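The following exercises are to be worked through with the sequence and the model at hand. Each task is followed by a stepwise solution.

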Amino acid sequence: RAVAMSVSHSSRLNKLVREQYMRLPQDGRVQVTYVWIDGSGEGVRCKSRTLDKEPKSIEDVPEWNFDGSSTAQAEGSNSDMFLVPVRMFRDPFCLDPNKLVLCEVLKYNRKPAETNLRHTCKKVMDLVKDSHPWFGMEQEYTLLGINGHPYGWPDNGFPGPQGPYYCGVGADKVYGRDIVESHYKACLYAGVKICGTNAEVMPSQWEFQVGPCEGIEMGDHLWMARFILHRVCEDFGVVATLDPKPMTGNWNGAGCHTNYSTEEMRREGGLKHIEAAIEKLSKRHDYHICVYDPRGGRDNSRRLTGHHETSNIFEFSAGVANRGASIRIPRQVGQDGYGYFEDRRPAANCDPYAVTEAIMRTTVLNETGVETKDYADH
């Protein structure tokens with residue numbers, strides 16, 4: 001009974017009835033679901049329209065608009081916002097030939113909305129494209145019941161201490177695997193570059209990994225993976241939170257560890273380029289902390305305490321195989337002398353566009369200090 005009460009009402013609707021309608025033919029027409037980031041910088045919104053034929057490329061998907069006053073992105077007196085399609089995926093919920101389309105949001109004057117961080121990220125990625133930056137991001141999240149309590153936790157009290165849950169197996173160790181596996185398959189179907197998943201240290205906490213992706217592709221694929229996660233959770237009647245510290249106390253927080261390399265780091269002898277990049281990052285710690293969560297570091301201050309496999313938010317550190325450091329060089333990379341490194345500071349609710357852009361500004365464009373350069377006129 002406790003489990004039944006923790007899921008949403010809509011998840012208990014008869015899904016077999018829904019399937020009867022989902023099997024109906026569409027007579028050549030296609031349902032396209034537009035997905036965008038709302039005014040919070042964390043939430044995603046969507047709405048759908050019919051196209052007369054299947055779009056073969058993103059150029060075949062028309063611009064659209066929405067009411068920005070209802071998403072904290074515009075005033076009611078001037079509320080129309082533009083949806084500009086930027087990347088197309090297969091729709092794992094309505095199936096082929098239907099599509100999911102990620103969009104940038106532009107204001108009435110065609111300037112990017114405040115939470116459209118893709119716009120400047122794309123400029124930076126175009127500038128550094130010859131370095132062929134690869135990223136892989138590890139998205140941690142926590143499953144909550146509709147009551148806001150971690151899914152599967154006792155109604156009154158706590159589960160046993162952390163230890164048996166990480167990569168665990170068994171009904172007393174993992175909660176919500178059906179959601180995780182459904183999300184994985186949905187991402188594969190959609191064409192999202194998901195590359196793995198595992199149960200995390202805190203019970204009801206999970207992680208999936210996306211990558212390797214080059215340049216702007218990283219943010220696009222992670223945002224669509226997040227949308228698919230929220231949509232899968234909706235079907236199961238639970239909530240996925242990206243809060244960096246959903247439970248206070250002796251429980252792990254949630255991050256979005258970012259693995260990164262350039263072409264020269266991946267070549268033989270690349271370790272010296274990795275070390276040079278880490279040296280640049282060490283001198284710009286405050287800037288990166290500011291952009292690694294949506295609230296200028298305030299969210300991460302709850303997580304980056306120096307405990308629970310994190311570094312201290314006030315100090316920069318790096319080390320081989322050190323999960324308590326700001327930057328971890330994997331042991332294999334240290335042995336091989338080339339490869340990649342992991343920035344462990346980004347919070348689970350970070351914007352991947354902001355994170356990847358910041359890394360490129362510091363390590364390739366050699367920016368310093370807390371100010372960023374505007375490359376629009378160059």
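**Exercise 1. An annotated span**

Which residues does the UniProt annotation "domain: GS beta-grasp" cover?

Solution. The structure under study is a predicted model. According to the unreviewed UniProt entry, the annotation covers residues 30-110. Turning to the secondary structure of residues 30-110, one finds 48% strand and 0% helix. The C-alpha atoms at the two ends of this span are 28 Å apart.

**Exercise 2. The largest cavity**

Determine the volume of the largest cavity and identify the strand that gives the most to its lining.

Solution. Begin with the count: there are two cavities of 30 Å³ or more. The largest cavity holds about 90 Å³ of space. Next, inspect the lining, which includes Ile-37, Gln-73, Thr-115, Arg-118 and Tyr-353. Also among the lining residues are Leu-102, Cys-103, Glu-104 and Val-105. Strand β5 (residues 99-106) gives the most to this lining, with four residues.

**Exercise 3. Classifying salt-bridge partners**

Assign Lys-173, Asp-172, Asp-299 and Arg-302 to the classes buried, partly exposed or exposed, and describe their salt bridges.

Solution. Step one concerns Lys-173 and Asp-172, which form a salt bridge with their closest N and O atoms 3.3 Å apart. Asp-172 is exposed because its relative accessibility is 53%, and the cut-off for exposed is over 50%. Lys-173, with a relative accessible area of 28%, is partly exposed.

Step two concerns Asp-299 and Arg-302, whose side chains meet in a salt bridge at 3.3 Å, N to O. Asp-299 has a relative accessible area of 7% and is therefore buried, the limit for buried being under 20%. Arg-302, at 34%, is partly exposed.

Step three places this second pair in context: Asp-299 and Arg-302 belong to a network of salt bridges that also links Glu-42, Asp-243 and Arg-295. The structure holds 26 salt bridges.

**Exercise 4. A salt bridge within a helix**

Where do Glu-357 and Arg-361 lie, and how many residues apart are they?

Solution. Both residues lie in helix α11 (residues 352-363). Their separation is four residues, about one turn of the helix. Glu-357 and Arg-361 form a salt bridge, with the closest N and O atoms 2.7 Å apart. Both Glu-357 and Arg-361 are buried.

**Exercise 5. A glycine in a loop**

Is Gly-176 buried or exposed?

Solution. First locate Gly-176: this residue lies in the loop between β6 (134-144) and α4 (177-190). Gly-176 is buried because its relative accessible area is 18%. Finally, Gly-176 and Phe-236 are 60 residues apart in sequence, while their C-alpha atoms are 9.4 Å apart in space.

Technical notes
Residues are numbered from 1 along each chain as its sequence is written. This is a predicted model: local features need pLDDT of at least 70, side-chain atom pairs count only at pLDDT 80 or more; totals for chains, interfaces and linings use all residues. Side-chain values use heavy atoms; hydrogens and water are left out. UniProt positions are given in the numbering used here, feature names are shortened, and annotations may be inferred rather than shown by experiment. On a 1 Å grid over the protein atoms alone, a cavity is a set of points where a 1.4 Å probe fits but cannot get out, and a pocket is an open set with protein on both sides within 12 Å along at least five of seven lines; lining residues have an atom within 4 Å of a point. Grid points are joined across faces, edges and corners, and a volume is the space filled by probe spheres set on the points. Buried means under 20% relative accessible area, exposed over 50%, partly exposed in between (1.4 Å probe, protein chains only). A salt bridge is a side-chain nitrogen of Lys or Arg within 4 Å of a carboxyl oxygen of Asp or Glu.
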